[in-house]
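Reader: I am in my first year and would like to learn how to read a structure like this one. Could we go through its hollows, its ligand and a few of its residues together?

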Amino acid sequence: MLADRPVSFSGVQPSGNLTIGNYLGAIKNFPEFSEKYKCFYCVVDEHAITVRQIPAELRRRTYETLALYIACGLDPEKNTLYVQSHVPAHAELAWILNCFTMFGELSRMTQFKDKSAKHADNINAGLFTYPSLMAADILLYQTDVVPIGSDQKQHVELTRDIAERFNQIFPDTFTVPEPIIPQSGARIMSLAEPEKKMSKSDENENAVVRILDDKDTMIRKFRRAVTDSGNEIRRGEDKPGINNLITIYSCFTGKTAEEVEREFDGVGYGEFKTAVGNACAEKIMPVQEEYRRLLADKGYLEEVMKKGADEAAYYARKTLSKVRRKIGFVNL
Ligand code: TRP
């Protein structure tokens, strides 16, 4: 163990399009998580360039992502928040791990298959070795747990295989990490197809409510949410739409589902949807305000990046120097 607590590592893509699903899933966990774990949150700009980026936009989104996470309640004093390319050990370990990762393993990754179908004109080597960079992110910090969405589970499993393979040749090098996939409690579903999880990359903008949507947009999206036949605000197995809206309302207000059902007894779908929209806006508008305040203060954000990178580099250096020694590089 590198720290006094088990380590949690999270990689965050630099995009400002987080949804209220991310918010409700994440914010609830942040304070509790940083008590239980030593937490690293890394904005993965090196992963981002595996698909073509507009440089000015990538830079802007790196600041935005950091600001948004802080605005959502992530305390930079209690967590290590930093940018991947500021800690060169990530790229260095990724190269080493590439030599312990099999072509066949990388070929089986479903994200690689999906992304190479989507970007057929740019199937670059970085896209292919994306998972060994991700393994480097995780293994550098002797990570115990990796909170992820289910789409990243295959990558964490590969990380475990790489760690185990390396440890077999060079015993006691890496901690083998466990994925943590947040359970249904705050699983927020799409507003258009409530059988599906709300996804930040959904092409239907009406399916997702984004943390940065303005108030009117938010309320409009809730008013258009797909609901089920019926007219009562009550949960039911065949009512994914209403179930989802009840969950969202209950997450934003702190009321239990039973309390929500009682509150809206005799009320129609339309009125309920507006209430959900208002409850959401009431919680999210202050987050947006804080986000804008932070974004206007680049100096502060850069201080956070700098402090985070120094802290991360301190831990990363220990692992990297151990790895270098084990594989036979000369350490000066
Ligand atoms: N691949 C992750 C995603 O697309 C981001 C990521 C990069 C990550 N490195 C990581 C997640 C390490 C967890 C741990 O969402």
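Reader: Which residues line the largest cavity?
Author: Please keep in mind throughout that this is a predicted model. The space in the largest cavity comes to about 40 Å³, and helix H6 (110-118) and H7 each supply at least two residues of its lining. Sorted by class, that lining divides into five nonpolar, two polar and one charged residues. The residues that line the largest cavity are Met-109, Gln-111, Phe-112, Lys-115, Leu-127, Tyr-130, Pro-131 and His-155.

Reader: Which helix gives the largest share of the lining of the second largest cavity?
Author: The structure holds two cavities of 30 Å³ or more, and about 30 Å³ of space lies in the second largest cavity. Its lining is made up of Pro-76, Asn-79, Thr-80, Leu-81, Val-304, Lys-307, Gly-308 and Glu-311, where strand S3 (80-83) and helix H13 (298-327) each supply at least two residues. The largest share, four residues, comes from H13.

Reader: How many residues of each class line the second largest pocket?
Author: The second largest pocket holds about 180 Å³ of space, and its lining includes Glu-46, Trp-95, Asn-98 and Tyr-130. Helix H4 (89-98) and helix H7 (125-140) each supply at least two of the lining residues, with the largest share, five residues, coming from H7. By class, the lining has six nonpolar, five polar and one charged residues.

Reader: Which side chain has an N or O atom 2.7 Å from a nitrogen atom of the ligand?
Author: The residues that surround the ligand include Phe-9, Gln-13, His-47, Tyr-130, Asp-137 and Gln-152, and three of the side chains named there can be checked in turn. Gln-13 has a polar side-chain atom 3.3 Å from an oxygen atom of the ligand, while a polar side-chain atom of Gln-152 lies 2.9 Å from a nitrogen atom of the ligand. The side chain with an N or O atom at 2.7 Å from a nitrogen atom of the ligand is that of Asp-137.

Reader: Is Lys-153 buried, exposed or partly exposed, and what is its relative accessible area?
Author: Lys-153 is placed in helix H8 (residues 153-169), and when residues up to four places away in sequence are not counted, it touches Ile-148 and Ile-181. The C-alpha atoms of Lys-153 and Ile-181 are separated by 8.3 Å, although the two residues are 28 residues apart along the chain. Because buried means under 20% and exposed means over 50%, Lys-153 counts as partly exposed, with a relative accessible area of 36%.

Reader: Why does Asn-167 count as buried?
Author: Asn-167 has its place in helix H8. The word buried is used for a relative accessible area under 20%, so Asn-167 counts as buried because its own relative accessible area is 17%.

Reader: Which residue offers a backbone oxygen 2.9 Å from a polar atom of the side chain of Asn-167?
Author: Leaving aside neighbours within four places in sequence, Asn-167 is in contact with Asp-172, Thr-173, Phe-174 and Val-176, and the residue asked for is found among these contacts. The backbone oxygen that lies 2.9 Å from a polar atom of the side chain of Asn-167 belongs to Phe-174.

Conventions
Residues are numbered from 1 along each chain as its sequence is written. This is a predicted model: local features need pLDDT of at least 70, side-chain atom pairs count only at pLDDT 80 or more; totals for chains, interfaces and linings use all residues. Side-chain values use heavy atoms; hydrogens and water are left out. Buried means under 20% relative accessible area, exposed over 50%, partly exposed in between (1.4 Å probe, protein chains only). Contact means heavy atoms within 4.5 Å. On a 1 Å grid over the protein atoms alone, a cavity is a set of points where a 1.4 Å probe fits but cannot get out, and a pocket is an open set with protein on both sides within 12 Å along at least five of seven lines; lining residues have an atom within 4 Å of a point. Grid points are joined across faces, edges and corners, and a volume is the space filled by probe spheres set on the points. Ala, Val, Leu, Ile, Met, Phe, Trp, Tyr, Cys and Pro count as nonpolar, Asp, Glu, Lys and Arg as charged, and the others, Gly among them, as polar. A residue is near a molecule or strand if one of its heavy atoms lies within 4 Å of it. A polar contact is a pair of N or O atoms within 3.5 Å; within protein, one must be able to donate a hydrogen and the other to accept it, and residues adjacent in sequence count only if both atoms are side-chain atoms.
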